[in-house]
Each structure stands twice: as structure tokens, then as C-alpha cells.
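The exercises below ask you to work from a structure to a reasoned statement about it. Please look over the sequence and the fold before you begin.

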Amino acid sequence: MTSKLRRLTLTAMAAAALAAPFAAQLSAHADQPLKVGFLVKMPEQAWFINEQKAATALGQKDGFSVVNIGTPDGEKVLAAIDNLGAQGAKGFVICAPDVRLGPAIQARAKRYNMKFVTVDDQLVDSTGKPLANVPHLGMSAFKIGNQVGQAITDEMKRRGWKPEEVGALRITNYELPTAKLRTDGATQSLLAGGFKKENIYDAPQKTTDDEGGFNASSPVLAQHPNIKKWVIFALNEESVLGGVRATEQLHIPAVDVIGVGINGAGEAFAEFQKKEPTGFYGTIAVSSTNHGKESTENLIEWIKDGKQPPADTQTTGKLMVRSNWQDVRKELGI
Ligand code: GLA
């Protein structure tokens, strides 16, 4: 063998040795069915359980697998993306614990060449604008907020309440744009219906669940013992239920409370099934099943056919109360 030839052979061997692990990595995932992740900020919340279930069911029907992961903080989100990357997943749907994680999530997904779409909470960039090129599917937040305000207004009228004797507990989360839009929409409709602006009391919540709603509401209610009738609204029914529990703790009778939530998931169903009505009057139900299914469908089509999903899909809701909850549930396929 000439020395030139030997050099060539060695180079080829070295190249092959270098390439081998990559090839092995590729082929290790090549024969696997398509795999995607579904990451949610609160895996214990009925809304998110329904979404993940719907995504999994679609996968079983259409022949891809869904890895459901709970990601309650930023570190868990990044670890989940690493985990998905190592498993050869091609993308993920996410409802992030903090929308400002947008750029970090985008950078991490790029590292693994993964596509991703957002559901429910739209990610923002460093200036607070929706993150470009990330398709989103979520509620038409302001309009659904309007429906909350309208439902409260109608029920106040039905009960014959005078606006001057009613306080509103507005449980807020202004760090989450969809939450602000929802409570702003509710406020707009309440005021349009004659509610007194000065009777609206803010209760900022730390977490968007029952506990967050309860902890935000208790001190505000305690500060206003003179107010005997309350209406309660928030970004979701879990938070409103927290507020209702706070009124119960202060022995405010259920007939003097009108709480209206948003979601229409497990917790509202449980409340409607209680023997006696509570202060939780109703909720604007949106199909969590469709949110989970459609966001996953969008992602899969994008991965398979390169068809980029619409930039912003907005879903609608329907008032669900004790008397119609089963029908609405069926109608929305929840
Ligand atoms: C937010 C809320 C959830 C649910 C979704 C629906 O993420 O925290 O409870 O309302 O929006 O889009």
C-alpha cells in the first residue's frame, strides 16, 4: 500500500468512526412511529387532563405517540424538551407556566429541530409581543370574558339585586395576557349592564387554580364586611371556585353569591352535582377536548406535510349552569 493510499484509508476509517454514532442515533429512532410531546403548566387541572387525553386519543387513532409531561416551571419545560429530543420526538404542543419563557423555549426546540405550537397561553418575545412563527390555538379571551359579565348581569337581574348593594370580586392575573383579556371582557359587560365601577375589588392571584383564587379572595372579602352580596369572576372556574370557598368560609350564604367561571371541565361538573346549589352559578364552557385535539392535529400536519398551522385560532364558549351542564358537556364533547 502506498503511503498516500494508506492515508486515504485511515481518513475514511476515521470518518466512518465519527459518523457511526450519528447514524446509530438516527436509525435508533427511524423505525419508531412519529412521536410528539404535550406539555402543560398544571397537569392536575381538569382542563389540561382533558387536553392531554384528547391528544393521546388522536395519536392512538392516527398512529403517532404522545408523551404527556407536566411542566410547572421553566426548568421543567427545558428538561422536558431535552427529554423529548433524546427520545427522537419531532415536536410538541405546549401551555407554558410563564409566557415570557417564549425565547428560551424557541431556542431549545431549535436545538433538536423540533416544531412546536402553543395552546391556551400564547408565548411572548422579549418585548411582550406574541412570539412570531409559533402557531397558537386559544380562547377568544375578551369575548368569553364578555359572556361571563353578561351571565352575571342577567343573573343579578333575575335575583332582583340592586347594583349599589353588590360587590365584585375580580380575581386577576395580569402577567398572563389571556387572563387579563378575560377579566377585562367581563368587566366591560358588567359595567355596560349597570354595575358600579367603584364596587369592583381586585384580588390578584399568584397561581391560576383554586388555591390561588382562595388566597386572593379571603383578605378582600374580609376587608369589606359591609358588603352582603358578591359576584365573582376570574380567568377560569378553578379560581372562581376558590373565591366561592372563601365566601363560604366567611358564612356568606350561597344565595348571595354569583360566581361565574370559564373552562367547563371536571371541577365545574362536580360543583353542579352537589345536592344544594353553591355560590358557583355557572361557567363559560369551552371544549378542552377540541383544544387538545386540534392543536395536536395542527402540529402533526405541520411535521408530516410541512403545512404551517394558522397563526392564531380563537375558540368560542357557551354558558353552562346547573340546569344544562350535561347537555352542554355532550354538545362540546368534553
Ligand atoms: C389558561 C388557564 C386554564 C384554562 C386555559 C384555557 O391556561 O390557566 O385554566 O382556562 O387558559 O385556554
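Contact, as used in the first exercise, means that heavy atoms lie within 4.5 Å. The model shown here is a predicted one.

**Exercise 1. Helix α8**

Task: Check whether the length of helix α8 (residues 237-249) agrees or disagrees with its number of residues, and then describe its surroundings.

Solution. Begin with the expected span, which is 1.5 Å times one less than the number of residues. For the 13 residues of α8 this gives 18 Å, and because the C-alpha atoms at the two ends are 18 Å apart, the expected and the modelled spans agree.

Next, consider burial, for which the cut-off is a relative accessible area under 20%. Ten of the 13 residues of α8 are buried, so that the helix is mostly covered. Among these buried residues are E237, E238, S239, V240 and L241, and also G242, G243 and V244.

Then ask what provides the cover: it includes the helices α7 (210-222) and α9 (266-272), together with the strands β6 (166-172), β8 (229-233), β9 (257-263) and β10 (280-285). Finally, look just past the helix, where α8 is followed by H251, a residue whose phi is positive, near 60°.

**Exercise 2. Two asparagines with positive phi**

Task: State where N113 is placed, where N263 is found, and whether each is buried or exposed.

Solution. Start from the general expectation that most residues other than glycine have a negative phi. N113 has a positive phi near 60°, whereas the phi of N263 is positive and near 135°.

For the location, N113 sits in the loop between α4 (102-111) and β4 (115-119), while N263 belongs to strand β9.

For the accessibility, N113 has a relative accessible area of 69% and is therefore exposed, since exposed requires a value over 50%. N263, by contrast, has a relative accessibility of 4% and therefore counts as buried.

**Exercise 3. The ligand**

Task: Which residues come nearest to the ligand, and how much of the ligand does the protein bury?

Solution. There are 13 residues around the ligand, and of these Q45, D120, D121, N236 and N263 come nearest.

Now take the polar side-chain atoms in turn. A polar side-chain atom of K41 is 2.9 Å from a ligand oxygen atom. In the side chain of D120, an N or O atom lies 2.8 Å from an oxygen atom of the ligand, and for the side chain of N263 the corresponding distance to a ligand oxygen atom is 2.6 Å. The ligand taken alone exposes 300 Å², of which the protein buries 100%.

Conventions
Residues are numbered from 1 along each chain as its sequence is written. This is a predicted model: local features need pLDDT of at least 70, side-chain atom pairs count only at pLDDT 80 or more; totals for chains, interfaces and linings use all residues. Side-chain values use heavy atoms; hydrogens and water are left out. Helices (H or I, at least four residues) and strands (E, at least two) are DSSP runs, numbered from the N terminus. Buried means under 20% relative accessible area, exposed over 50%, partly exposed in between (1.4 Å probe, protein chains only). A residue is near a molecule or strand if one of its heavy atoms lies within 4 Å of it. A polar contact is a pair of N or O atoms within 3.5 Å; within protein, one must be able to donate a hydrogen and the other to accept it, and residues adjacent in sequence count only if both atoms are side-chain atoms. Accessible areas come from the Shrake-Rupley method with a 1.4 Å probe; for residues, only the protein chains shown count as cover.
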